[in-house]
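Visitor: I'm new to this structure and would like a close look at one part of it. Could you pick a helix, walk me through it, and then show me what surrounds it in the chain?

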Amino acid sequence: MFQQLPMYQRVGAQAFKKDLSRTIKLAEHLGNPHKEFKSVHIAGTNGKGSTSHMLASVLQEAGYKVGLYTSPHLKDFRERIKVNGEFILKKTVTGFINEHKDFLTENKFSFFEMTVGMAFDHFARVKVDIAIIEVGLGGRLDSTNIITPEVSVITNIGLDHTAFLGDTLPEIASEKAGIIKDNIPVIIGEKQKETTKIFTEKAQQHNSEIYFAQDLKLPKYHTDLKGDYQNKNIKSVIAAVKVLREKGWEIPEECLKNGLNSVKLHTSLQGRWDILKEKPKVICDTAHNTEGLTLVFKQLKKEKFQHLHIVLGVVNDKDLNKILPLFPKTAIYYFSKPEVPRGLEAEILQEKAAEFSLEGRVFNSVSEAYDSAVDAALDEDLVFVGGSTFTVAEII
């Protein structure tokens, strides 16, 4: 899978295909497994992964057999496909590839198309009650968009992946709104003046009830996921639960509360304001765009520390002119390149960072940068690791 077929996270644009026909072809070859189980579809610029994991945890707590499909993975490919928090078995992955290898090779499916097919096939075979399906990129043309869910969720809209989705919020919203289906309720996590009209009109076209989570009067709940930004995601989850209940799903209030407080336990989610060590305190977060990093640094300001050390690595299609101004100038930086083809050379990152008065040294690897930061830090200091999912993956 990794060697023969394009994978967006690793190589970028060449793996992005603006067409669903290939996914449909693969699904038909597999017997249309996505029609064998109920689902919830979750899109958005930020928060869709956390929201997916939270909702899966709640439904699991309510006693359902829950499939969870997310991307990208941090350490293990099998993180992408889980049932009740358990990774898909290695033999199931290899069995799928061996069974369909000729068809997969002949049609040159992308890594993501193939992974979606594998996930849907697995969920159908093990007979999940419901699957939480996270969109990979965009919505309208994403390979996951062949499902007809119980409810669609769009967490928010930000300027990310603009080369594919458009460079304005309304353009990106139009792509995300592509997951809205006929007569299927849709929840919008954040109400943004630039995008509200797009979503409302799209929902009307599809005769879909639309709910803006932040406008709903919802009970206040907490989660074991520590990022302040999770408060927005919680609202999307509670709104989704409200819709699911109206459709006949039994989700007691206690299960909602317990599910939100047991996300890590139920789903093994990592990399969202993850505290890895206490002395010195080490925090990592996979935020990698303007909106996500803004929220992370807002929370970082609340932390008490003597010195701030930042291990930073990014991918080469990131708009550094937009994200680097968000980083604190008083921090000591440890620049490194994530070990993926898309990783930006640490020397280039250092040079660009200097334009924004961010100073630090270059290291040969993320792990070397991390070790140096932890060694240099006093017990009263704070080490933050981020800039990319792949940077976090190398130290978690």
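Guide: Let's start with a word we'll need: a residue counts as buried when its relative accessible area is under 20%. Keep in mind, too, that this is a predicted model.

Now to helix α7, which covers residues 169-176. Its buried residues are L169, I172, A173, E175 and K176. Looking down the axis of α7, you'd see those buried residues fall within an arc of 160°, so they line one face of the helix.

Further along the chain comes helix α8, residues 196-205, and Q205 is part of it. Is Q205 buried or exposed? Q205 has a relative accessible area of 59%, and because the cut-off for exposed is over 50%, Q205 counts as exposed. If you look from Q205 to N183, you're looking across 22 residues of chain, yet their C-alpha atoms are separated by 9.7 Å.

Go on to the loop between α8 and β8 (210-212), and you'll find N207 there. N207 has a phi near 55°, a positive value in a residue other than glycine. N207 is exposed as well, at 57% relative accessible area. S357 has a positive phi too, near 60°. S357 sits in the loop between α14 (346-354) and β13 (360-362), and with 40% relative accessibility it is partly exposed.

For a contrast, try D121 in helix α5 (residues 111-125). D121 is buried, with a relative accessible area of just 9%. Leaving aside residues up to four places away in sequence, D121 touches L30, P33 and F96.

While you're browsing loops, look for two cis peptide bonds. One runs from S71 to P72, with omega near -10°, and P72 is in the loop between β2 (66-69) and β3 (81-83). Another joins K279 and P280, with omega about -5°; P280 lies in the loop between β9 (274-278) and β10 (281-284).

Now zoom out to the chain that holds these pieces. It has 16 helices and 14 strands, and 58% of its 396 residues count as buried. A compact globule with 396 residues would have a radius of gyration near 21 Å, and the chain agrees, because its own value is 21 Å. Along its principal axes, the C-alpha trace spans about 55 × 50 × 40 Å. Among contacts with a separation of 6 or more, 75% come from residues 24 or more positions apart.

Notes
Residues are numbered from 1 along each chain as its sequence is written. This is a predicted model: local features need pLDDT of at least 70, side-chain atom pairs count only at pLDDT 80 or more; totals for chains, interfaces and linings use all residues. Side-chain values use heavy atoms; hydrogens and water are left out. Helices (H or I, at least four residues) and strands (E, at least two) are DSSP runs, numbered from the N terminus. The radius of gyration is taken over C-alpha atoms; the globule rule is 2.2 Å times the number of residues to the power 0.38. Buried means under 20% relative accessible area, exposed over 50%, partly exposed in between (1.4 Å probe, protein chains only). Contact means heavy atoms within 4.5 Å. The arc is that of the directions from the helix axis to the C-beta atoms.
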